Amino acid sequence: MKITQAEFIISAVKPHQYPEDALPEIALAGRSNVGKSSLINKLILRKNLARTSSQPGKTQQLNYYRVNDAIYLVDFPGYGYAKVSKTQRVLFGEMIERYIQGREQLKLQLLVIDIRHEPSEQDQQMYKWLKHYEIPTCIVVTKADKIPKSKWDKHMKMVKKTLETDPRDSVVLFSSELGIGREQLWDIINEAIAT
């Protein structure tokens, strides 16, 4: 996918803040520190449009990025970060649930998993929840550059087994450092938008 334009639009908390131009939306969910911002930056070939942080739990709203005036990438707050208060976690959960259940523009949900770790209980819950609501989902397994290539297959199998992935859902190996999976992921996104 040729990127001609990409910009940050808004950090939204409530539905009335969501953009109203009816462009298709691709949302990203995953644990804090799983590499969602790096994934967005690699997809749009920008160094730091989505701000990466060494401090997990930075994203606290739904961050909207408009790409080529054709789609939005919507970055969710990371889950599973201990320093966020219990009240805040409940609010995040409600905000994400409201978005996923009610957003007609949502064409595809990317569930982002770190290849180095077995999917957490929260990853598993998120996946089951997406399946329950019949949200089209693609699992993106990031940080492939952090483990030897010889272990990729083994780790990908572990992710699929732990999540009990639906065979209809794509699972993409991704590395923001090496660019692995970028074209494949754009193909999946474009297909989701076209349906």
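**Glu164, helix H4 and Arg66**

Colleague: What is the relative accessible area of Glu164, and is this residue buried or exposed?

Modeller: This is a predicted model, in which local features need pLDDT of at least 70 and side-chain atom pairs count only at pLDDT 80 or more, while totals for chains, interfaces and linings use all residues. Residues are numbered from 1 along each chain as its sequence is written, and side-chain values use heavy atoms, with hydrogens and water left out. Buried stands for a relative accessible area under 20%, exposed for over 50%, and partly exposed for values in between (1.4 Å probe, protein chains only). For Glu164 the relative accessible area is 61%, and the residue is therefore exposed.

Colleague: What phi does Glu164 take just after H4?

Modeller: Glu164 lies in the loop between H4 and S7, where helices (H or I, at least four residues) and strands (E, at least two) are DSSP runs numbered from the N terminus. Although Glu164 is not a glycine, its phi is positive, and the value just after H4 is about 55°.

Colleague: Which other residue has a positive phi although it is not a glycine?

Modeller: The residue is found in the loop between strand S1 (6-12) and strand S2 (25-30), and is exposed, with a relative accessible area of 56%. Its positive phi is about 60°, and the residue is Ala22.

Colleague: Why are the buried residues of H4 on the same side, and what arc do they cover?

Modeller: The buried residues of H4 are Trp152, His155, Met156, Val159, Thr162 and Leu163. An α-helix has 3.6 residues a turn, so residues three or four places apart point the same way. On the other side of H4, Asp153, Lys154, Lys157 and Lys161 are exposed. The buried residues are on the same side because the arc they cover around the axis, taken from the directions from the helix axis to the C-beta atoms, is only 135°.

Colleague: Which helix is included in what covers the buried residues of H4?

Modeller: The cover, judged by contact (heavy atoms within 4.5 Å), includes strand S5 (106-114), strand S6 (137-142) and strand S7 (170-173). The helix included in that cover is H3 (121-132).

Colleague: With which side chain does the side chain of Arg66 make a polar contact?

Modeller: Arg66 sits in strand S3 (residues 62-67) and counts as buried, at 19% relative accessibility. A polar contact is a pair of N or O atoms within 3.5 Å; within protein, one must be able to donate a hydrogen and the other to accept it, and residues adjacent in sequence count only if both atoms are side-chain atoms. At 3.1 Å, the partner of the Arg66 side chain is the side chain of Asp69.
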